[in-house]
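Please open the structure in your viewer and keep the selection panel at hand. The tour begins with a whole chain and then moves to individual pairs of side chains.

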Amino acid sequence: MRPVQFILIVLLLLLTYVYFSRLRSGLLDRVIVLVFAAIGIVMTVIPDFTTTVANFIGVGRGVDLFFYLAILGLAFMCLLLYSKIRDLEASITDLTRTVATKGARSPDKKDDEHTD
Amino acid sequence: MNESVFVVVPIYNEERVIRSALQPLLEQGYSVVAVDDGSADKTWQIIRSLPIYSLRHAVNLGQGAALQTGMTFALEHGARFIVHFDADGQHSVDDIKTLLEPLRKGEADVVLGSRFLRKSDRDVVPRARRLLLKGGVVVNGLLTGVWLTDAHNGCRAMTRDSAKKIRLNENRFAHASEILIQIRRNRLRFVEMPTTIIYTDHSIAKGQSMWNAIKIVFDMILRRIFR
């Protein structure tokens with residue numbers, strides 16, 4: 001085994017460990033992560049395997065195929081995160097609106113009740 | 001009679017001009033709903049001491065969000081008509097009467113202000129601003145299917161029923177286009193009425209820049225993708 005393979009496998013296992021120890025997630029998410037980790041290890045241990053797959057669909061090298069897929073995957077992740085942020089923003093808006101309405105001051109009330 | 005007209009004023013960091021911008025509205029007897037959108041200056045201290053409805057967002061959300069907060073509040077307090085009015089002193093209070101006319105006559109559900117209907121209003125628009133606004137007209141037309149003479153004019157009026165149908169989800173400045181989309185979707189009858197924009201250094205600085213315009217379009221496209 002080349003040193004780079006060893007390093008990659010260690011990092012992959014570490015990543016998987018961090019995921020399982022720090023993030024609470026659903027069963028499906030856990031299965032997906034495990035499957036991806038397994039694929040990653042297979043690709044690291046048998047690099048020729050990815051090249052075979054790449055050649056089969058018309059890509060020269062396994063690394064290139066992986067590179068293309070990784071870019072697509074990252075773009076997909078960005079979109080997912082973005083839509084999560086929008087959801088978050090919507091909840092913050094609701095929250096802020098509720099608080100604002102509760103604390104509204106009417107014209108007839110003078111500014112004497114409480115100072116904040 | 002003006003009491004049932006609720007003027008919603010979204011405000012962000014306007015401590016220097018807010019008092020003089022709100023005063024004429026009070027003199028006309030309108031019900032004013034001032035929404036402080038999380039200002040960092042003394043805006044809140046000033047508006048809460050005035051005889052108006054005042055609300056404060058704990059964090060800054062954007063003009064669209066402030067308008068929606070004010071509209072919901074106005075509806076709950078028995079508004080018959082709701083007017084949008086910018087806080088930076090760029091709108092003329094007399095225009096509100098003009099905007100309300102088609103609503104009172106029952107000829108329209110929503111009235112949108114335009115600074116391009118009268119020659120005297122048109123002539124005071126700075127050249128660079130005019131170009132940007134006309135670009136906005138085209139973008140709005142293409143994206144919403146509603147073709148107007150002006151874009152991003154903060155002066156609008158609507159009936160109670162149409163205000164109930166309009167729900168702004170766009171927190172920042174894309175709300176102006178979002179309103180058009182919802183006008184179309186709900187088949188609301190709309191007209192444009194002439195309004196004067198008072199261009200001061202202050203209102204120009206607060207107005208839309210090219211960069212903001214790009215961000216607005218970006219927001220609108222993303223909204224189309226994410227429902």
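What does the accessible surface of chain B come to, and what share of it belongs to carbon and sulfur atoms? In this predicted model, the accessible surface of chain B is about 10200 Å², and carbon and sulfur atoms account for 55% of that area.

With chain B still selected, switch to a cartoon view, in which ten helices and seven strands make up its secondary structure. The radius of gyration of chain B is 16 Å, close to the 17 Å that the globule rule gives for 227 residues, so chain B is as compact as a globular protein of that length. Its C-alpha trace spans about 45 × 40 × 40 Å along the principal axes, and 56% of the 227 residues are buried. If you display contacts between residues at least 6 apart in sequence in chain B, 73% of them join residues at least 24 apart.

Next, colour the charged side chains of chain B, where 32 are positive and 24 are negative, the centres of the two sets lying 5 Å apart. Side chains of opposite charge can pair when their charged atoms come close. Over all chains, the whole structure holds nine salt bridges, and three of them are visited below.

Select Arg56(B) and Asp36(B), whose side chains meet in a salt bridge with an N to O distance of 2.6 Å. Arg56(B) belongs to strand β3 (residues 53–56) and Asp36(B) to strand β2 (residues 31–36) of chain B, so the pair ties together parts that are 20 residues apart in sequence. Asp36(B) is buried at 0% relative accessibility, whereas Arg56(B) is partly exposed, with a relative accessible area of 27%.

Move on to Asp109(B) and Arg189(B), which form a salt bridge with the closest N and O atoms 3.1 Å apart. This pair links distant parts of the chain, 80 residues apart: Asp109(B) sits in the loop between α4 (94–104) and β5 (110–114), and Arg189(B) in the loop between α8 (175–185) and β7 (190–194) of chain B. Asp109(B) counts as buried at 16% relative accessibility, while Arg189(B) is partly exposed at 41%.

Finally, select Lys119(B) and Asp123(B), a salt bridge whose closest N and O atoms are 2.8 Å apart. These two residues are four apart in helix α5 (residues 119–123) of chain B, so about one helical turn separates them. Lys119(B) is exposed, with a relative accessible area of 54%, and Asp123(B) is partly exposed, with 46%.

Terms used: Residues are numbered from 1 along each chain as its sequence is written. Chains are lettered from A and ligands numbered from 1 in the order in which they are written. This is a predicted model: local features need pLDDT of at least 70, side-chain atom pairs count only at pLDDT 80 or more; totals for chains, interfaces and linings use all residues. Side-chain values use heavy atoms; hydrogens and water are left out. A salt bridge is a side-chain nitrogen of Lys or Arg within 4 Å of a carboxyl oxygen of Asp or Glu. Buried means under 20% relative accessible area, exposed over 50%, partly exposed in between (1.4 Å probe, protein chains only). The radius of gyration is taken over C-alpha atoms; the globule rule is 2.2 Å times the number of residues to the power 0.38. Contact means heavy atoms within 4.5 Å. Accessible areas come from the Shrake-Rupley method with a 1.4 Å probe; for residues, only the protein chains shown count as cover. Lys and Arg count as positive and Asp and Glu as negative; His and the chain ends are not counted. The place of a charge is taken as NZ of Lys, CZ of Arg, CG of Asp or CD of Glu.
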